[in-house]
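Student: I'd like to learn how to read a protein model feature by feature. Can we go through one together?

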Amino acid sequence: FAVAINYYKNQQGAQRVNDQILKEGGEAILCPGDVTNNKVVQEMVKSVVRKYGVITSLVNNASTRIVPQEFGLLQWEDIQVHLDTHVKGAFNCIRAVLDGFIKNGYGNIVNIGSIYSDSTPPLNLTGYVIAKNALNALTKSLSMEYGPKGIRVNNVSPGMTDTALTSETPEKTRLVTAMQTPLRRLAKPEDIACAISFLLGDDSRYITGETLRVCGGK
């Protein structure tokens with residue numbers, strides 16, 4: 001695939017991904033923009049279509065910081081920011097590519113969920129868990145509605161993954177999580193990427209509405 005790399009604030013990180021793709025002989029462009037802003041998303045998608053002519057696949061992976069907080073201290077705004085990023089962001093991106101998918105009779109969407117959607121969630125992550133469950137529901141609904149039009153929609157649900165997103169998680173929590181996982185380690189970004197790659201490829205052509213759990217057996 002030629003890859004359009006969306007980022008909001010971390011231009012340096014996005015540039016590293018872009019450079020790696022180019023180094024390995026691939027093709028990529030950077031697409032800055034806040035996915036919670038529908039107008040920005042529409043313009044971003046138009047620019048990708050101008051560059052490549054068509055979009056065949058979409059991966060929704062935007063996330064907020066994950067900061068544990070007791071429910072009694074939460075304000076609704078703390079939950080809303082998760083819903084806006086995980087669910088509204090995915091909604092905006094899907095709506096922006098959907099007409100092209102329908103016109104072409106083909107499209108592939110992978111939403112990045114969380115193993116916490118169907119396992120015992122950790123304490124004090126209420127907003128994050130609510131948003132990931134809502135994203136899971138969106139995946140199932142869209143797979144039913146748009147399957148007849150040749151569009152597949154699936155989830156990849158990682159366990160705790162060693163990324164910048166979990167860098168604020170206490171080291172003790174990370175170690176305990178790793179020891180409670182049958183494979184005895186946290187996921188690496190590559191582990192999740194391989195699952196996404198499978199769902200975007202022809203080998204998964206008869207899979208839709210599913211959740212692929214990448215959690216080391218946990």
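**Reading the fold, piece by piece**

Tutor: Let's start with one residue: Asn111 sits in strand S4, which covers residues 107–112. Keep in mind as we go that this is a predicted model.

Student: Is Asn111 buried or exposed?

Tutor: The idea is to look at relative accessible area, where under 20% means buried. Asn111 has 0% relative accessibility, so it counts as buried.

Student: Which residues does Asn111 touch, leaving out those up to four places away in sequence?

Tutor: For a contact, look for heavy atoms within 4.5 Å. Asn111 touches Asn60, Ala90, Ile94, Leu135, Thr139, Val153, Asn154, Asn155 and Val156. Leu135 and Thr139 are also among the buried residues of H4.

Student: OK, H4 then. How do I check the length of a helix?

Tutor: Compare the span expected from its residue count with the distance between its end C-alpha atoms. Helix H4 runs over residues 126–146, and at 1.5 Å a residue its 21 residues should span 30 Å; the end C-alpha atoms are 30 Å apart, so the two agree.

Student: What do the buried residues of H4 pack against?

Tutor: They pack against H3, S4, strand S5 (151–158) and strand S6 (211–214). The buried set in H4 includes Gly127, Tyr128, Val129, Leu138, Leu142 and Tyr146.

Student: Can we zoom in on one residue of that helix?

Tutor: Take Ser143, which lies in helix H4. Its relative accessibility is 9%, so Ser143 counts as buried. Beyond residues up to four places away in sequence, Ser143 touches Val153, Thr208 and Gly209.

Student: How far apart in space are Ser143 and Asn154?

Tutor: Their C-alpha atoms are 7.5 Å apart, with the two positions eleven residues apart in sequence numbering. Asn154 is also one of the residues that Asn111 touches.

Student: Does the same length check carry over to H3?

Tutor: Try it. Helix H3 spans residues 76–104, and its 29 residues at 1.5 Å each should cover 42 Å; the end C-alpha atoms are 40 Å apart, so that agrees. Still, look along the axis as well: H3 bends by about 40° at Leu98. Just after H3, Gly105 takes a positive phi of about 70°.

Student: How many disulfides are there?

Tutor: Here you look for cysteine sulfur pairs within 2.5 Å. The count comes to zero disulfides. For Cys93, the nearest cysteine sulfur belongs to Cys31 and is 11 Å away. For Cys194, the nearest one is that of Cys215, 15 Å away. Their surroundings are worth a look too: Cys93 is buried at 9% relative accessible area, whereas Cys194 is exposed at 55%.

Student: Now zoom out. How many helices and strands are in the protein?

Tutor: There are six helices and six strands. Along the sequence, the pattern reads β-α-β-α-β-α-β-α-β-α-α-β.

Student: And how do I judge overall shape?

Tutor: Compare the radius of gyration with what a compact globule of that length would have. For 218 residues that would be near 17 Å; the protein has 17 Å, so the two agree. Along its principal axes, the C-alpha trace spans about 50 × 40 × 35 Å.

Student: What percentage of the residues is buried?

Tutor: Buried residues make up 41% of the 218. The accessible surface is about 12,800 Å², with 54% of it belonging to carbon and sulfur atoms. And of the contacts between residues at least 6 apart in sequence, 71% join residues at least 24 apart.

Technical notes: Residues numbered from 1 in each chain as written. Predicted model: local features only at pLDDT ≥ 70, side-chain atom pairs only at ≥ 80, totals over all residues. Heavy atoms only, no water. Helix = DSSP H or I, 4+ residues; strand = E, 2+ residues; numbered from the N terminus. Expected span 1.5 Å × (residues − 1). Bend = angle between axes of the 7 residues up to and from the residue. Rg over C-alpha atoms; globule rule 2.2 N^0.38 Å. Buried < 20%, exposed > 50% of the residue type's maximum accessible area, 1.4 Å probe, protein only. Areas by Shrake-Rupley, 256 points an atom, 1.4 Å probe, with all protein chains shown as cover.
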